[in-house]
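User: I've got a structure I'd like to go through with you, a few questions at a time. Ready to have a look?

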Amino acid sequence: MRELTAKAPPAANGTESRRIREKHREFLFPATIQYYEEPIALTEGKGLRVRDADGNDYLDFFGGILTVSVGHANEKVNAAIKAQVDRLSHVSSLYPTLPVVELAERLARITPKKLKQSCFTASGTEADETAVMMAQLSTGSSEIVALRHGYSGRSMLAQSLTAHSTWRALPTQVAGVKHAVSPYCYRCPLHLTYPSCGVACAKDIEELIRTTTTGRIAGFLAEPIQGVGGFITPPPEYFEIAVGIVKKYGGVFICDEVQTGSGRTGGKWWGIEHWGVEPDIMTMAKGVANGLPLGVTIATPEIAASLKALTISTFGGNPVSCAAANATIELIEEEDLAGNAERMGRFLREGLEELKRRFPKSIGDVRGMGLMQGVELVEDETSGDRTPAKALTNRVFEESKKRGLLIGKGGLEGNVFRIAPALTVTRADVEEALAILRESFQAADAR
Ligand SMILES: Cc1ncc(COP(=O)(O)O)c(C=O)c1O
């Protein structure tokens with residue numbers, strides 16, 4: 001595998017990065033959030049390594065928000081992209097192409113049995129928009145149950161589904177979205193403890209439907225693990241109970257696999273497969289095309305048939321994005337990368353549990369599945385003070401960057417680390433990341 005290009009001598013005092021940051025500040029919307037006090041201007045990547053404009057290298061354990069699922073500049077994916085660009089790069093959804101039909105057939109094969117027909121768009125936001133529309137058309141109802149701490153994107157509807165005040169620019173614009181409590185055991189919204197709670201958070205959906213809707217809903221949209229929410233992982237029985245209630249009131253289950261999909265949760269293609277229920281509609285984006293823009297809404301043929309109006313997506317099913325997705329999926333299958341996600345995820349998790357034992361006051365919770373592991377930082381877990389430790393989180397974040405490790409943050413208060421390397425991660429990479437995290441917690445004065 002090609003290494004990053006030979007190390008260029010850093011530009012004097014980081015001037016190149018500074019120049020890029022200044023232009024970003026001047027010409028982009030100021031609200032476009034960026035990580036770190038001094039955002040990193042990345043210029044190249046290979047596998048799990050990325051390099052900035054000044055020649056500094058980093059081990060990437062966030063993959064452009066769980067998107068680079070088989071590594072940066074993956075040779076097989078890049079070859080497929082280049083061949084497709086040279087052949088045909090755009091036609092719109094008005095014309096069938098081979099990459100699009102191959103991808104749709106592949107997705108029908110690897111998603112839960114009853115899902116068969118796909119609609120391609122260019123982002124996770126559009127995939128969720130399409131899914132909600134299909135739930136409404138197929139049921140004839142309009143109300144949607146979503147989850148608190150969920151994230152669906154940045155359109156009007158997606159912001160209305162999103163349940164984080166921090167990500168909402170405007171008050172709710174779309175009527176009929178009701179938010180059930182999140183299955184967030186570490187901060188149980190019902191102040192109960194699993195398992196004696198009897199998974200009351202799932203059962204509460206019935207009360208929500210009966211008291212805040214017409215009693216007939218279009219659907220329930222949920223992530224198998226809440227990503228932006230801070231990798232909130234529900235108890236195993238949650239989805240069976242929740243989906244059972246949703247069906248009783250006429251709704252379909254929309255599973256948002258934008259973060260949990262494409263083998264990330266380990267051993268299986270989709271996060272929901274760990275929870276024993278089959279969705280009626282599934283959405284994907286991020287990791288499905290290793291970084292090329294692609295949104296997918298896959299549904300049962302009955303649900304797909306309920307859209308009667310004309311529909312088009314100019315960039316939906318772009319042949320280059322579809323070629324990238326086909327190569328990504330092939331690679332995940334050929335190299336059993338979902339299996340690697342399970343094995344490396346277990347190893348990473350053990351290391352993070354060990355980190356929690358070293359810093360028992362500061363680390364309140366370690367959670368997640370496969371290569372989707374969250375670490376929640378609090379003021380003092382040992383005395384039961386679970387106040388989000390925002391300042392400490394930022395210090396550890398900066399220290400890990402200084403030591404050459406990129407990770408993500410999440411949670412309503414931004415106090416949860418999101419650790420999610422590419423599925424091609426090795427044991428040596430995980431060891432390196434854990435060593436940097438240990439040093440960074442120490443340097444940030446975690447306890
Ligand atoms: C679970 C989930 N759904 C939907 C979206 C929206 O995807 P996009 O940013 O591609 O529009 C995101 C983005 O982070 C997400 O995490």
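User: Let's start with helix packing. Is the crossing of α7 and α8 right-handed or left-handed?

Analyst: Keep in mind that this is a predicted model. The two helices here are α7, residues 200-212, and α8, residues 238-248, and their axes come within 8 Å. As for the sense of the crossing of α7 and α8, it's right-handed.

User: And how are α7 and α8 oriented to each other, roughly parallel or roughly antiparallel?

Analyst: Their axes cross at roughly 15°. Angles under 35 degrees count as roughly parallel. So α7 and α8 are, to each other, roughly parallel.

User: What about α11 and α13: at what angle do they pack, and how far apart are their axes?

Analyst: Helix α11 covers residues 337-358 and helix α13 covers residues 427-443. They pack at about 15°, and the axes are 10 Å apart. That angle makes α11 roughly parallel to α13. α11 passes α13 in a right-handed crossing, and to give you the values again, it's about 15° and 10 Å.

User: On to the ligand. Which helix gives the largest share of the shell around it?

Analyst: The shell includes Ser123, Gly124, Thr125, Asp128 and Tyr151, and Lys286 is in it too. By class, the shell residues split into two nonpolar, six polar and four charged. Three residues of the shell come from one helix, residues 124-139, and that largest share belongs to α5.

User: Which residue has a polar side-chain atom 2.7 Å from a nitrogen atom of the ligand?

Analyst: Tyrosine 151 also faces a ligand nitrogen, but there a backbone N or O atom is involved, at 3.3 Å. Glutamine 259 does use a polar side-chain atom, but its partner is a ligand oxygen, 2.8 Å away. The side chain you're after, 2.7 Å from a ligand nitrogen, belongs to aspartate 256.

User: How much of the ligand's accessible area does the protein cover?

Analyst: Glutamine 259 is one of the residues around the ligand, with that polar side-chain atom 2.8 Å from a ligand oxygen. On its own, the ligand has 390 Å² of accessible area, and the share covered by the protein is 84%.

User: Last one, on the backbone: which peptide bond is cis, with omega near 5°?

Analyst: Look in the loop between β6 (177-180) and α7, which is where proline 195 sits. The cis bond leads into that proline, running from tyrosine 194 to proline 195.

Definitions and conventions
Residues numbered from 1 in each chain as written. Predicted model: local features only at pLDDT ≥ 70, side-chain atom pairs only at ≥ 80, totals over all residues. Heavy atoms only, no water. Near = heavy atom within 4 Å. Polar contact = N/O pair within 3.5 Å; in protein donor to acceptor, adjacent residues only side chain to side chain. Areas by Shrake-Rupley, 256 points an atom, 1.4 Å probe, with all protein chains shown as cover. Helix = DSSP H or I, 4+ residues; strand = E, 2+ residues; numbered from the N terminus. Nonpolar A, V, L, I, M, F, W, Y, C, P; charged D, E, K, R; others polar. Axes fitted to C-alpha atoms, helices over the stretch in contact; angles between N-to-C directions. Parallel < 35°, antiparallel > 145°, perpendicular 65-115°, else oblique. Left-handed = near helix turned anticlockwise from the far one by under 90°.
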